[in-house]
Each structure stands twice: as structure tokens, then as C-alpha cells.
Amino acid sequence: MGRKTWFSIPEKNRPLQNRINIVLSRQLKAPPAGAHFVAADFAAALNLVDSELAERADQVWIIGGSSIYKEIMESQAPRRLIVTRVQKQFECDTFFPEIRPEQFRLLPESFRRRTAFPTSLRSTRASSSDGGLGGGIKMLIKSF
Ligand SMILES: NC(=O)c1ccc[n+]([C@@H]2O[C@H](COP(=O)([O-])OP(=O)(O)OC[C@H]3O[C@@H](n4cnc5c(N)ncnc54)[C@H](OP(=O)(O)O)[C@@H]3O)[C@@H](O)[C@H]2O)c1
């Protein structure tokens with residue numbers, strides 16, 4: 001996650017549980033208090049996963065913010081987007097980058113049902129208790 005996303009998480013919820021929290025920052029030389037690692041760029045973060053963390057990490061999740069999503073979505077790396085559409089309007093100052101149809105395709109419903117996300121097709125009401133993140137319709141979108 002980007003440095004700003006890290007600091008946007010309430011302190012009591014940092015680090016995110018049951019996950020190795022890697023913070024991307026070009027400025028920080030050491031992980032912010034509570035974070036497990038800091039990386040100066042994506043390559044350094046992925047190197048960590050392939051070396052020091054190879055025995056402990058089997059999946060990499062990129063959780064934002066906007067600048068991090070944009071960079072990885074514009075890259076040629078194999079990526080899969082897991083998207084939640086929140087069916088409500090909010091005042092926002094940070095936005096998810098445009099999902100360009102020539103770069104990503106919606107996976108067929110049969111595939112989405114087979115994933116580890118049993119709620120992925122369920123449409124739910126946006127809820128203030130989960131910060132609005134859990135509502136809406138979750139979709140899996142894969143790059144070509
Ligand atoms: N609704 C959601 O699901 C969700 C998810 C995530 C975040 N958010 C929100 O998004 C906001 C933050 O997003 P944001 O786009 O403003 O900031 P961000 O991406 O979280 O953080 C930006 C910072 O990350 C570092 N960074 C970015 N790209 C990097 C790279 N390639 N290599 C190394 N470091 C890099 C830089 O830190 P330095 O300045 O230290 O170099 C940069 O200033 C917060 O309000 C957060 O709550 C929402």
C-alpha cells in the first residue's frame with residue numbers, strides 16, 4: 001500500500017491483521033511504526049516477496065491508494081482487479097483510476113463463482129459500519 005493509505009488506516013487497525021504489510025514510499029527509509037516493511041518502488045516490494053518473504057507469502061494484494069492502483073494498472077504485469085461497486089454517492093477526494101475496456105475484461109460469472117470470494121456476486125447495501133467498502137457488487141476483472 002502507499003504511504004498515504006497506511007496513514008489513513010486508524011492506528012488501532014494497523015498493521016492490517018494476518019497480512020504482511022509493505023508500505024511503498026520513496027522518502028521513508030524505515031517502515032512506519034507498526035508496518036512490516038517499506039519499499040522504495042514496486043520492484044523492491046516484489047523482490048522482497050520473492051526473497052525474504054518467499055516462504056511466508058503466496059499472494060500479493062495491492063490495496064491502493066489511487067496512485068498505486070494507477071501505476072500497476074498501467075503496467076504490463078499480470079493483474080487481476082477485484083472491484084466493489086458501492087451503490088451510493090459520496091463526497092470524495094480520491095478516485096479509483098478508469099478501468100479501460102481494452103486493458104481489462106470482466107471474467108465470466110462461472111469463473112467468479114469459483115473464486116475464494118463467496119460474496120463476490122452478492123449485491124449488498126453499502127454500509128457505514130464497513131466504511132462503505134463492503135457494499136455494492138464485487139466483480140473480478142482480469143487483464144488480457
Ligand atoms: N476505498 C478504498 O478502497 C481505498 C483504498 C486505499 C486507499 N484509499 C484512500 O486513498 C487515499 C490515499 O491515496 P493516494 O493515492 O492519495 O495515496 P497512496 O497511493 O496511498 O500513497 C501515495 C504515496 O505512496 C508512495 N508511492 C506511490 N507510488 C510509489 C512508488 N511507485 N514507489 C514508491 N512509493 C510510492 C509515495 O510516498 P512518499 O511521499 O512517502 O514517497 C506517495 O506519496 C487515502 O485517503 C485512503 O484512505 C481508499
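1. A salt bridge joins E74 to K70, with the closest N and O atoms 2.8 Å apart. The model in which this pair is found is a predicted one. The two residues stand 4 residues apart in helix α3, so about one helical turn separates E74 from K70. As for exposure, E74 has a relative accessibility of 49% and therefore counts as partly exposed. K70, at 41% relative accessibility, also counts as partly exposed.

2. How many salt bridges does the structure hold? There are 2 in the structure. Besides the pair in α3, R100 forms a salt bridge with E102, and here the closest N and O atoms are 2.8 Å apart. R100 is partly exposed, its relative accessible area being 36%. As general background, side chains of opposite charge can pair when their charged atoms come close.

3. Attention may next turn to helix α2, which spans residues 42-50. Its buried residues are F42, A45, L48 and V49. Viewed down the axis of α2, these buried residues fall within an arc of 125°, and they therefore line one face of the helix.

4. Against which elements do the buried residues of α2 pack? Their partners are the strands β1 (22-24) and β2 (37-39), together with helix α3 (66-74). Helix α3 is also the element that holds E74 and K70.

5. The start of α2 deserves a separate remark. D41 is placed in the loop between β2 and α2. A side-chain oxygen of D41 reaches to within 3.3 Å of the backbone nitrogen of A43 at the start of this helix. With a relative accessible area of 39%, D41 is partly exposed, since buried requires under 20% and exposed over 50%. In space, D41 lies 9.5 Å from V23, C-alpha to C-alpha, while 18 residues set the two apart in sequence.

6. The second largest pocket has a volume of about 500 Å³. Its lining comprises 22 residues, and those nearest the pocket centre are I20, I22, Q59, V60 and W61. Which elements each supply at least two residues of this lining? They are β1 and α2. Helix α2 gives the most to the lining of the second largest pocket, with 4 residues.

7. In summary, α2 has buried residues that pack against β1, β2 and α3, and α2 also contributes to the lining of the second largest pocket. Just before this helix, in the loop that follows β2, stands D41, whose side chain reaches the backbone nitrogen of A43 at 3.3 Å.

Note on methods: Residues are numbered from 1 along each chain as its sequence is written. This is a predicted model: local features need pLDDT of at least 70, side-chain atom pairs count only at pLDDT 80 or more; totals for chains, interfaces and linings use all residues. Side-chain values use heavy atoms; hydrogens and water are left out. Buried means under 20% relative accessible area, exposed over 50%, partly exposed in between (1.4 Å probe, protein chains only). The arc is that of the directions from the helix axis to the C-beta atoms. Contact means heavy atoms within 4.5 Å. A polar contact is a pair of N or O atoms within 3.5 Å; within protein, one must be able to donate a hydrogen and the other to accept it, and residues adjacent in sequence count only if both atoms are side-chain atoms. A salt bridge is a side-chain nitrogen of Lys or Arg within 4 Å of a carboxyl oxygen of Asp or Glu. On a 1 Å grid over the protein atoms alone, a cavity is a set of points where a 1.4 Å probe fits but cannot get out, and a pocket is an open set with protein on both sides within 12 Å along at least five of seven lines; lining residues have an atom within 4 Å of a point. Grid points are joined across faces, edges and corners, and a volume is the space filled by probe spheres set on the points.
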